Amino acid sequence: MTNSKISSKKNELKYHPIEPEEKKHLSSKLQNSSGLTAVVIEEQIFYKVPFTDALELVRARKAFLKKGLVYIPHLEIVILILNVFRQRLSKSLALTSRSLPIIQSDERLQPLLSNLSCAYVGQDYSVQKNVGKISLDQLDSLATKSYPPCMRQLHNALRDNHHLRHGGRMQYGLYLKGLGLTLEQALLFWKSEFIKGKVEPDKFDKSYAYNIRHNFGKEGKRTDYTPFSCMKIILSNPPGQGDFHGCPFRHSDLDLLKPKLQSYKISPAEINQILDLVKGMHYQLACQKYFELTHNIDEIGFSLNHPNQYFIESQKILNSSRDTKKESNQPESSQRSQPSQPPKGESAAVSTATSQAESTDVEGINIEELLSEEYPE
């Protein structure tokens, strides 16, 4: 698409701009129909197309109609392309529906067709270059700042109850593996939490440790399992009574979801934005809105389809804001240090306080190693 001519042999779209003289002659009528000012009309390119290609604009009286032709500004040309796309999509779906019985009769294609709607083709987060870079002591802080709601819910339930059922252990365990926890860290994390409850250390080793090693491909078929995607969490293994796995936006009642969001310090108006998306069954968009609200950004800038992707993008933003604060504070600190030097007795205290402040500011995660080339944007 260009500003002078819209033409495509492949798509059979041919829209030619009107001449400047004709646009000048119809300027007042174009203003009345489009709502644009004379200055904007002078700058805009107008196309003359059959009215049947722009019924939406004609119906809303947003375009000038003359002798069966509609005068459309370049700003509105996307509506024409969208209408053509819808028509061809509808035609293609009709043709596909006729061929579907023949395709379904082939047993080789049945499994593929059955799983097509819930297939995930993005990054599986199985190959890690940040293994062991996150310590167990950081998990509580990270859960508050960078976990998606589904994993934050599991983490909090584990801390409160010192136990998770199988579905929760699978979902959260593989997520932690995707963050970079080693097998040894995972065993220590789960065991230390379970023995706080009613599980004896020997029982944990016999009943639970095997499944953790199994997730890391160290037992059974030696399959190296990958973290669950959003689609898998939403569509498979819905939680039952006493379970905490699943997607809160998909599997929680609105009466329970609202107070949960309130506990995350989200305002009532922002909660209503999320709940509107949930009511429309746009669960991943609701999670994206949650991301935007909790990170104070206007637009997420990417399509969210994996909990581990949520964590990585969150860490990008948080570490970027820390770097910005440090850069802004450096000139001020240098200016303060120039006028006078503290006494010798005070210099050690100042340097110690400074180093402590810096160590508190950085949570210990090397974001360059965390955001390795294995993670696409």
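The exercises below, each with a worked solution, deal with a predicted model of a protein chain.

**Exercise 1. The chain as a whole**

Describe the secondary structure of the protein chain, and state what share of its residues is buried.

Solution. The inventory comes to 20 helices and five strands. Turning from elements to residues, one finds that buried residues make up 36% of the 377 residues in the chain. A further step concerns the contacts between residues at least 6 apart in sequence, of which 62% join residues that are at least 24 apart.

**Exercise 2. The sheet**

Work out in what order the strands of the open three-stranded sheet lie, and which of them stand at the edges.

Solution. Begin with the pairings of strand E5 (residues 69–73). Strand E3 (residues 46–50) pairs with E5 in the antiparallel sense over five bridges, and in E5 it is Pro73 that stands opposite Phe46. Strand E4 (residues 64–66) likewise pairs with E5 in the antiparallel sense, over three bridges, with Leu65 opposite Val70 of E5. The order of this open sheet is therefore E3-E5-E4, with antiparallel pairing. E3 and E4 each have a single partner strand and stand at the edges, so that one side of each is left without a neighbour in the sheet. From one strand to the next the twist averages 30 degrees.

Two details complete the description of E5. Four of the five residues of E5 are buried, and the strand is thus mostly covered. In the hairpin that E4 forms with E5, two residues lie between the strands, and Lys67 takes a positive phi near 55 degrees.

**Exercise 3. Two helix pairs**

Determine how H16 is oriented with respect to H17, and how H8 is oriented with respect to H9.

Solution. For the pair formed by helix H16 (residues 268–279) and helix H17 (residues 283–295), the packing angle is about 165 degrees and the axes are 7 Å apart. Because angles over 145 degrees count as roughly antiparallel, H16 is roughly antiparallel to H17. The crossing of H16 past H17 is right-handed. On the H16 side the contact is made by Glu270, Gln273, Ile274, Leu277 and Val278, which meet Tyr283, Leu285, Ala286, Lys289, Tyr290 and Leu293 in H17. By class, the residues of this contact are eight nonpolar, one polar and two charged.

For helix H8 (residues 149–161) and helix H9 (residues 166–179), the axes come within 10 Å and cross at roughly 110 degrees. Because the range from 65 to 115 degrees counts as roughly perpendicular, H8 is roughly perpendicular to H9. H8 passes H9 in a left-handed crossing. Here Cys150, Met151, Leu154, His155 and Leu158 in H8 meet Gly168, Gln171, Tyr172 and Tyr175 in H9, and the residues of the contact divide into six nonpolar, three polar and no charged.

**Exercise 4. The setting of Phe291**

Decide whether Phe291 counts as buried or exposed, and list the residues that it touches beyond four places away in sequence.

Solution. Phe291 is found in helix H17. Its relative accessibility is 0%, and because residues under 20% count as buried, Phe291 is classed as buried. When residues up to four places away in sequence are not counted, Phe291 touches Ile297, Ile300, Phe302, Tyr310, Glu313, Ser314 and Ile317. As a last step, compare sequence with space for Phe291 and Ser146: these residues are 145 residues apart in sequence, and their C-alpha atoms are 9.0 Å apart.

Terms used: Residues are numbered from 1 along each chain as its sequence is written. This is a predicted model: local features need pLDDT of at least 70, side-chain atom pairs count only at pLDDT 80 or more; totals for chains, interfaces and linings use all residues. Side-chain values use heavy atoms; hydrogens and water are left out. Axes are lines fitted to C-alpha atoms, for helices over the stretch in contact, and angles run from 0 to 180 degrees between N-to-C directions. Angles under 35 degrees count as roughly parallel, over 145 as roughly antiparallel, 65 to 115 as roughly perpendicular and the rest as oblique. A crossing is left-handed if the near helix is turned anticlockwise from the far one by less than a right angle, and right-handed if clockwise. Contact means heavy atoms within 4.5 Å. Ala, Val, Leu, Ile, Met, Phe, Trp, Tyr, Cys and Pro count as nonpolar, Asp, Glu, Lys and Arg as charged, and the others, Gly among them, as polar. Buried means under 20% relative accessible area, exposed over 50%, partly exposed in between (1.4 Å probe, protein chains only). Two strands pair if DSSP finds at least two bridges between them.
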